[in-house]
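Reader: Hey, got a minute to walk me through this one? I'd like to poke at a few spots.
Author: Sure, put it up and ask away.

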Amino acid sequence: MKLELRGITKRFGPLVANDHIDLMVNPGEIHCLLGENGAGKSTLMNQLYGLLRADAGEIIIDDVPQTFSGPGDAMRAGIGMVHQHFMLIPVFTVAENLMLGHEQTKFGGQLDLPAARAKVREIARRFGFDIDPDSLVEHLPVGVQQRVEIIKALSRDAEILVFDEPTAVLTPQETDELMDIMRQLKDDGVGIVFITHKLREVREVADRITVMRLGKVVGEAEADASNAELASMMVGRSVELTVAKEPAKPGPVSLVVDGLTVVDAAGHTVVKDVGFQVRAGEILAIAGVQGNGQTELTEALFGLHPNTTGSITLNDVELRGRSVRQILDAGAGFIPEDRQEDGLVRDFSIAENLMLDRSYQAPFTKTGRLQLSYLRDFATEKIQEFDVRAQGPDTAVGRLSGGNQQKVVVARELSRELKLLVAAQPTRGVDVGSIEFIHRRIVETRDSGVPVIVVSTELDEVAALADRIAVMYRGRIIGIVPGDTSRDTLGLMMAGELVSTAETAI
């Protein structure tokens, strides 16, 4: 099936989200739609899938113009979409999710679940997925949930499949598996639109690349285009793809974690007797496959896990047992891994989000009254300093792109006097221009003499930022190695193998 988009235009008030976009996808082709967050990629695909109506332009399939009034029309035309945030019902089984909106019944009006189970097994067998049709979706890992979304689309005979930022929630291993699935789909004749901002992934699978910026197509490229060329097209300027930093000049030990153990609500020990030290003026990166205790470790540092034992001292002050507010007041800054759940209040303005952890303190509050004029000036200054792309400080954070939301979190945490910075997945779901900016600010924080912990599943990010690397496996730190340790060695450690060059964690 051949897909063409001609002159697609979409406006939201004065904002032109898509400006006369042309795009063509051929059968058995992976066409990457590359651009920064907020470039208009998802808006374009939402029109293709019937979630939005274009103000102008045409959608043409096999030379026939189409009009979609909703996703059902798009599905019937052979278009499927795998969303970044999955459209699944967690308490339903895989088979039940497959049927949702396309319910088949047997004689007597009963749902034909056996047919849905058979369809799941058929598609899973075809693509080598290990999925039980009767598994509850809420019990499946994120990577498997994504496979369920793919099965849903294929069960409705999709010949064009749109992947909208599909790796934003995946580990590196799951990302590699998804690339293999996309190649299989391509070999099966499916045309794929792959929306992303990650250059490594584009070069991995793309047959053709279309680059968008500020709602317009700014160019096309072949798969052999360099990272520098693609990044420059995305951002509109040359981008430094490596982190420019001088060697660290570590000072005295500032943070000491000793014997830290965390038990989750289900009674499982998720962090096991972890110990390490971080010096002033250095970055300790914590690497590992997602799900090995990194999330619980960072949350425990900020008093977010009640069932925690061990010791956490910052400049000889014990933090364990203190409230989150007391830990923040002690000078700890926290960039959480999920900005929407834990870092921001989406309905609040940029200005309100920038003072979330200091709203009760001067100069934001005076004699119990919020100082609105100061807050507005402060927010305006930070929007400019941290290059937040927004109409103004009163803009709701939920209306910003992912990269700009992350900049708001970073601006809030770095706009006060810090004695420790913990950044968990600081660039997850963030475009290349924002990555460059966030990395630079993290390095500047280190160079100001602050101890920094960076938690990341992206080995490129770990290698770019780390002065030392601690690797977690099954809740333990199995060793600490220098920042220039090879990817192969780190990969072995992430699989649980000890290496002779590793420091012993305390």
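Reader: Let's start with α14. Is that helix buried or exposed?
Author: Keep in mind that this is a predicted model. In it, 13 of the 13 residues of α14 are buried, so the helix is largely enclosed by the rest of the structure.

Reader: And how far apart are its end C-alpha atoms?
Author: They are 18 Å apart. Helix α14 covers residues 402–414, and at 1.5 Å a residue its 13 residues should span 18 Å, so the two values agree.

Reader: OK, switching to α4 and α5. At what angle do they cross?
Author: Roughly 110 degrees, with the axes coming within 10 Å. Angles of 65 to 115 degrees count as roughly perpendicular, and α4 and α5 are therefore roughly perpendicular to each other. For orientation, α4 is residues 113–127 and α5 is residues 142–155.

Reader: Which residues meet there?
Author: From α4 you have K119, V120, I123, A124 and F127, and they meet I151, L154 and S155 of α5. By class, that contact has six nonpolar residues, one polar and one charged.

Reader: What about the largest nonpolar core, how many residues does it have?
Author: It has 50 residues. The ones with the most contacts inside it are I150, L161, F163, M182, L185, F194 and I209. Helix α5 gives the most to this core, with six residues.

Reader: Why would side chains like that end up together?
Author: In soluble globular proteins, nonpolar side chains tend to be buried together.

Reader: I150 caught my eye. What is it in contact with?
Author: Leaving aside neighbours within four places in sequence, I150 is in contact with V82, F129, L161, F163, L178 and I181. Two of those partners, L161 and F163, are also on the list of residues with the most contacts inside the core.

Reader: How many residues are in the other core?
Author: That one has 33 residues and lies apart from the 50-residue core. Its members include I350, L400, I442 and L465.

Reader: Back to α5 for a sec. Is R147 buried or exposed?
Author: R147 is found in helix α5, and with a relative accessible area of 13% it is buried. The cut-off for buried is under 20%. Not counting residues up to four places away in sequence, R147 touches F129, I131, E177 and I181.

Reader: Now the odd backbone stuff. Where is the cis peptide bond?
Author: It joins A362 and P363, with omega at about 5 degrees. P363 is found in the loop between α12 and β17.

Reader: Which residues other than glycine have a positive phi?
Author: D62 is one of them, with phi near 50 degrees, and D157 is another, with phi near 60 degrees.

Reader: Where do those sit?
Author: D62 is in the loop between β4 and β5, and D157 is in the loop between α5 and β7. At 43% relative accessible area D62 is partly exposed, whereas D157, at 57%, counts as exposed.

Reader: Last one: where is Q104, and what does it contact?
Author: Q104 lies in the loop between α3 and α4, and at 48% relative accessibility it counts as partly exposed. Leaving aside neighbours within four places in sequence, Q104 is in contact with M99, Q110, L111, D112 and A115. Its C-alpha atom is separated by 35 Å from that of L33, 71 residues apart along the chain.

Technical notes
Residues numbered from 1 in each chain as written. Predicted model: local features only at pLDDT ≥ 70, side-chain atom pairs only at ≥ 80, totals over all residues. Heavy atoms only, no water. Axes fitted to C-alpha atoms, helices over the stretch in contact; angles between N-to-C directions. Helix = DSSP H or I, 4+ residues; strand = E, 2+ residues; numbered from the N terminus. Parallel < 35°, antiparallel > 145°, perpendicular 65-115°, else oblique. Contact = heavy atoms within 4.5 Å. Nonpolar A, V, L, I, M, F, W, Y, C, P; charged D, E, K, R; others polar. Expected span 1.5 Å × (residues − 1). Buried < 20%, exposed > 50% of the residue type's maximum accessible area, 1.4 Å probe, protein only. Core = buried A, V, L, I, M, F, W, Y, C linked by side-chain atoms within 4.5 Å.
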